[in-house]
Amino acid sequence: MTAKTWKIYRILLGLSICLAAVDWRLTTGYVLGAIGSLLHLKRVERYCDIVLGLNDASEKQARISFLSNYALMAAFLILAAVMPQVFNLFTTAIGLSAVKIALVAEALTDRKEGGNGA
């Protein structure tokens with residue numbers, strides 16, 4: 001991720017803190033999901049580094065990585081579901097997409113600025 005993407009990610013976290021004015025569980029849910037989003041990103045980066053280093057990935061490795069990523073996201077959602085007094089399930093789900101939202105926002109702002117010349 002670029003410095004601009006990290007900046008957008010931090011802005012989203014800052015905005016989630018403003019949700020505490022409505023209900024603090026919205027903020028805790030989003031932060032929980034955002035942490036899950038970062039863990040997911042790091043797992044995908046590590047898997048890609050391994051695959052590129054080996055120049056090959058077995059189908060079994062790919063399936064295990066795919067399923068374990070979904071299990072990780074499910075674990076965060078289950079935690080939010082069993083602790084509704086602390087976390088909001090919906091903002092946790094949105095937080096799990098925080099990295100993706102930041103990447104899309106960066107791509108959209110680069111397009112407006114004429115970033116890649118396309």
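Which residues line the largest pocket? In this predicted model, the lining is made up of Arg-43, Arg-46, Tyr-47, Ile-50, Gln-61, Ile-64, Ser-65, Ser-68 and Asn-69. Two elements, helix 2 (24-54) and helix 3, each give two or more residues to that lining, and helix 3 supplies the largest share, with five residues. By character, the lining residues of the largest pocket divide into three nonpolar, four polar and two charged, and the space within the pocket comes to about 160 Å³.

To place this pocket in its setting, it helps to step back to the whole chain. The protein chain has five helices and zero strands, so that reading along the sequence gives the pattern α-α-α-α-α, as defined by runs of DSSP assignment. Of its 118 residues, 25% count as buried. Among the contacts in the protein chain with a separation of 6 or more, 72% are accounted for by residues 24 or more positions apart.

Helix 3, which contributes to the pocket lining, covers residues 59-82 and has 24 residues; from its first C-alpha to its last it reaches 34 Å, close to the 34 Å expected at 1.5 Å a residue. Along this helix, the residues Ser-65, Asn-69, Leu-72, Met-73, Phe-76 and Ala-80 are buried. Ser-65 and Asn-69 also appear in the lining of the largest pocket.

A second place to look is Ala-34, which lies in helix 2. Ala-34 counts as buried because its relative accessibility is 1%, and the cut-off for that label is under 20%. Leaving aside residues up to four places away in sequence, Ala-34 touches Tyr-9, Leu-13, Gly-95, Leu-96 and Ala-98. Of these partners, Tyr-9 is 25 residues away from Ala-34 along the chain, and the C-alpha atoms of the two are separated by 8.9 Å.

Leu-13, one of the residues that Ala-34 touches, leads on to Ser-16, which is found in helix 1 (residues 3-18). A polar atom of the Ser-16 side chain lies 2.6 Å from the backbone oxygen of Leu-13. Is Ser-16 buried or exposed? Ser-16 is buried, because its relative accessible area is 3%, which falls within the limit of under 20%. Not counting residues up to four places away in sequence, Ser-16 touches Thr-27, Tyr-30 and Val-31.

Technical notes
Residues are numbered from 1 along each chain as its sequence is written. This is a predicted model: local features need pLDDT of at least 70, side-chain atom pairs count only at pLDDT 80 or more; totals for chains, interfaces and linings use all residues. Side-chain values use heavy atoms; hydrogens and water are left out. Helices (H or I, at least four residues) and strands (E, at least two) are DSSP runs, numbered from the N terminus. The expected span of a helix is 1.5 Å times one less than its number of residues. Buried means under 20% relative accessible area, exposed over 50%, partly exposed in between (1.4 Å probe, protein chains only). A polar contact is a pair of N or O atoms within 3.5 Å; within protein, one must be able to donate a hydrogen and the other to accept it, and residues adjacent in sequence count only if both atoms are side-chain atoms. Contact means heavy atoms within 4.5 Å. On a 1 Å grid over the protein atoms alone, a cavity is a set of points where a 1.4 Å probe fits but cannot get out, and a pocket is an open set with protein on both sides within 12 Å along at least five of seven lines; lining residues have an atom within 4 Å of a point. Grid points are joined across faces, edges and corners, and a volume is the space filled by probe spheres set on the points. Ala, Val, Leu, Ile, Met, Phe, Trp, Tyr, Cys and Pro count as nonpolar, Asp, Glu, Lys and Arg as charged, and the others, Gly among them, as polar.
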